[in-house]
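Visitor: Before we begin, could you show me the sequence and the model, and then take my questions one at a time?

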Amino acid sequence: MRRVWMVAVAVAVALWPAASGLTAQEAVTGSTVSLAAGAASLELALADGGSRIISLREGELLIDGEVQGSYEPGGTLDSSWRSLLTSPALFEGSGLADRLAEWVPDASGDADAASGSALEALFDRLAESSNRTAAAALPETATINVSGGQVAIAPSRIMSLGELNRGVELLGRQLEVLGGQVAGMEDNLALVVHDDYTVDADQLVEGSLALLSGDLNLEGTVDGDVLVLDGVLTLARSARVSGDILQVGGEVIDAGGRVSGEMVSLLAGELGGLIAGDIAVDLVDEMDVPVQVHVRSNQRGFIGSIGHNIGHAFSGLMASVMWLLALSALGFVVVYFFRSRLEVVAQVVRADTMRSFGVGLAGQLMVLPVLLLLVVGIVTWLVIPVYALAVALAIPAGYLAAAHAVGEAVQDQNFEWLDRFRLRRASSYHYVFTGLLFLLAPFAIGSALYLLGGMLGFVRGLMFFAAGALTWAAVSTGFGAIILTRGGGRKGHASQADFDDLFSAPDSFESDGEGEASA
Amino acid sequence: MLRTTLAAAALLVAAAPVVAQETDWTEVRARRQADGVASLTIDVEYFAGELRVAAADAGLLYDTHLKYDAARMRPERKWSVDGEAARLVIGFEGIGDDGEIDFDLDMDEEDHGFLNLGLSPDVPTDLRMKVGAALSVVDLGGVPLTGLVYQTAASDTELAFGSVNPASMERLELKVGVAEFTATGLGNARFDELEFTGGLGDVRLDFTGEWSADASATIEMGLGSLTLVVPPDLGVRINKKGFLASLDAPGFTKVDGAWQSPGWESASHRLDIHLRAALGTIEVRQAS
């Protein structure tokens, strides 16, 4: 959604008033002077869109085109009137209506005196009306017409029209970015605040309000939403907001005001970052208004992030090493006491991998039902702990058998590093250690990826997933092989497979005398 | 065969797409004043992350502080008012065609989502929560609850009533899947009826607190351990079903098929527990 904010100046540039009000009826908002040989006219623009035209034309006093009196052309009233209209002081700053009311016409004849009195009475009424309206409206605001209607900019005193235009265009861009979170707000926008400003307790903003920057003290009522892009919004106890308060940047201080809607604060995120950057640059560069945005940051900083990532990587690598050592120690114990059984299971893992995996998978699914069957069937209560113990032992034993098989397969390869690190040994101890090294490597790699921070978070996650899947596959396959071989006691099963070629060690292998795995 | 398996595993790792997952961690705080609302119903669905619930500041109806990955999900808050009764629905929807949310469950990560929910200390609230895989700390002390339903699938939950419920609730319903669940200060909850359903895990229900009326509890437990902590001045009677679950209740005596605490007859307030457990251990301990 691209909203184009068409700004149109409502009144003459030089006569920009400060006493306009959002609900003004007779408030003077601008003026135009016309001087000719036989006529001198003043056109007053009113806040309600209407106008008053006062003319001394060819001997007649005309108000809005109707004859209200007469005067002597070139006489004292004519001279005094023309002198007033050509006085620069009359149009400087605010209070045009007041200065008109202060004017005392110089009228010597009867006709001039009567018309002069009529003008004084008219200007008194206009000043009274303007002052009354200004008192009830927001002071020191300037109004401009935008595509959605009329919007007041406050305060008007420090901004040129060019700055006003840029401010409104900027607000339009931000509303566009905010999208659905402020849907409809731009059509109902009544007041834009860009500097320190107060909405008094007896004032009503008929529509939504946006705070671009500065301190806005809200004591009165906003019949709409409030959008805080930057600056500090203070809700006084007397403040009333009929809609929501949406805070994208800046700060909202609730001193007891009443908000009928929801108060939503975007504390951090892409939108907050955009606001922090975009508005700050735009406002500072274009409007020369100091901006301070309080967006909570979750970043540690560059150095902190590096330290954090190194710590993460180191702890992960250490965990992998500890697991390797612990499982290797367990594996060595198993090899020492149950080598033949472990080798039989490992042979089945290698020779009949898919079948072992399938049986292992089925075995896992059957663990709980079998337990319940034992509980319900109750052959003897002793069966249950024996069964649970068997399952508990089979899982790590299966994993070690799988590691043994992987280690054998690795030893079969022509990996130079095996020789370089003197890991090429045709013994079950080395098979288990090498296999564990391979199975745990993805965990270590995943941990090492922490060094790259968040850049490869997906790859890191995938690596850990692969590591977990590999572990589960190894456990399942080893578990299945244990079932197939009855815990490694059924050697005949392994011999059914034809895997001699795979299993045979190269001639160059060194042997430490621990013996080959039996087939 | 093993060569093929290893090759496939290596391929799986090597073929991992070198694509960094974009995240957009966003924090939003949303709160609403309590003016004009006499009762509130809150439905919360929170799937993954860290969940904390506590009393909000006085004058607020609710106060939510949410951190989420805007690249994956979009939070939803639905607000409706019917007279002086209001309803708030807090949930999420995924970004994408299927609307499913891809969660990051790594709670060790510095950047993980959370929801801090503050509840009105003034307005009676009916709270219903569905929690997926989360770390939950729910302290409902000082919150006037007229009802509570807490369901969780696989969360570690600490539910506490740190002080007496200013309101009272007819029913307190807790449904726990596979989780570690601890509830303390249940005597402060001022419920008439408690229903607890547990699947698998360690559960601790602490009934200490300031009891003001009699109550009943129905507890169904699947597999796992259940610990009941009861105050010494509360009369407790346990009617247990399920012969595979052992009951260890020191000091309790069996009367008419039910286990009664020593002070059952003279207790000013009593808790009648109907307990059904499939398999596991049940311990009853008196609070010191």
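Guide: This is a predicted model, and a good place to start is strand β9(A), which runs parallel to strand β12 (residues 215-218) of chain A and is joined to that strand by 3 bridges.

Visitor: Which residue in β12(A) is the bridge partner of T198(A)?

Guide: Strands of a sheet pair through backbone hydrogen bonds, either parallel or antiparallel. Here β9(A) and β12(A) form a parallel pair, and the residue of β12(A) that is bridged to T198(A) is N217(A).

Visitor: Which strands of that open sheet stand at the edges?

Guide: The open sheet has 4 strands, paired in parallel and ordered β9-β12-β15-β18 in chain A. A strand with a single partner is left without a neighbour on one side, and the two strands of which this holds are β9 (197-199) and β18 (251-254) of chain A.

Visitor: By how many degrees are neighbouring strands of this sheet turned against each other on average?

Guide: The sheet in question is the parallel one with the order β9-β12-β15-β18 in chain A. With direction ignored, the average turn between neighbouring strands is 15 degrees.

Visitor: Which residues touch the most other members of the largest nonpolar core?

Guide: V228(A) is in contact with L211(A), L233(A), I245(A), Q247(A), V248(A), G250(A) and V252(A), leaving aside its neighbours within four places in sequence. Another core, of 44 residues, lies apart and includes V349(A) and A444(A). In the largest core, which has 106 residues, those that touch the most other members are L209(A), L211(A) and V228(A).

Visitor: What distance separates the end C-alpha atoms of helix α10 of chain A, and where does the helix bend?

Guide: Helix α10 (residues 428-448) of chain A has 21 residues, and because each should add 1.5 Å, a span of 30 Å is expected, with which the 29 Å between its end C-alpha atoms agrees. Of its 21 residues, 15 are buried. The helix bends by about 40 degrees, with the proline P442(A) following within four residues, and the bend is at L440(A).

Visitor: In chain B, how exposed is D202(B)?

Guide: D202(B) is found in strand β12 (residues 191-206) of chain B, where it touches E180(B), G224(B) and S225(B), not counting residues up to four places away in sequence. A residue is buried with 20 or more other C-beta atoms within 10 Å and exposed with 12 or fewer. D202(B) has 15, so its status is partly exposed.

Terms used
Residues are numbered from 1 along each chain as its sequence is written. Chains are lettered from A and ligands numbered from 1 in the order in which they are written. This is a predicted model: local features need pLDDT of at least 70, side-chain atom pairs count only at pLDDT 80 or more; totals for chains, interfaces and linings use all residues. The expected span of a helix is 1.5 Å times one less than its number of residues. The bend at a residue is the angle between axes fitted to the seven residues ending there and the seven starting there. Two residues are in contact if their C-beta atoms, placed from the backbone, lie within 7 Å. Two strands pair if DSSP finds at least two bridges between them. Axes are lines fitted to C-alpha atoms, for helices over the stretch in contact, and angles run from 0 to 180 degrees between N-to-C directions. A nonpolar core is a set of buried Ala, Val, Leu, Ile, Met, Phe, Trp, Tyr and Cys residues joined through C-beta atoms within 7 Å.
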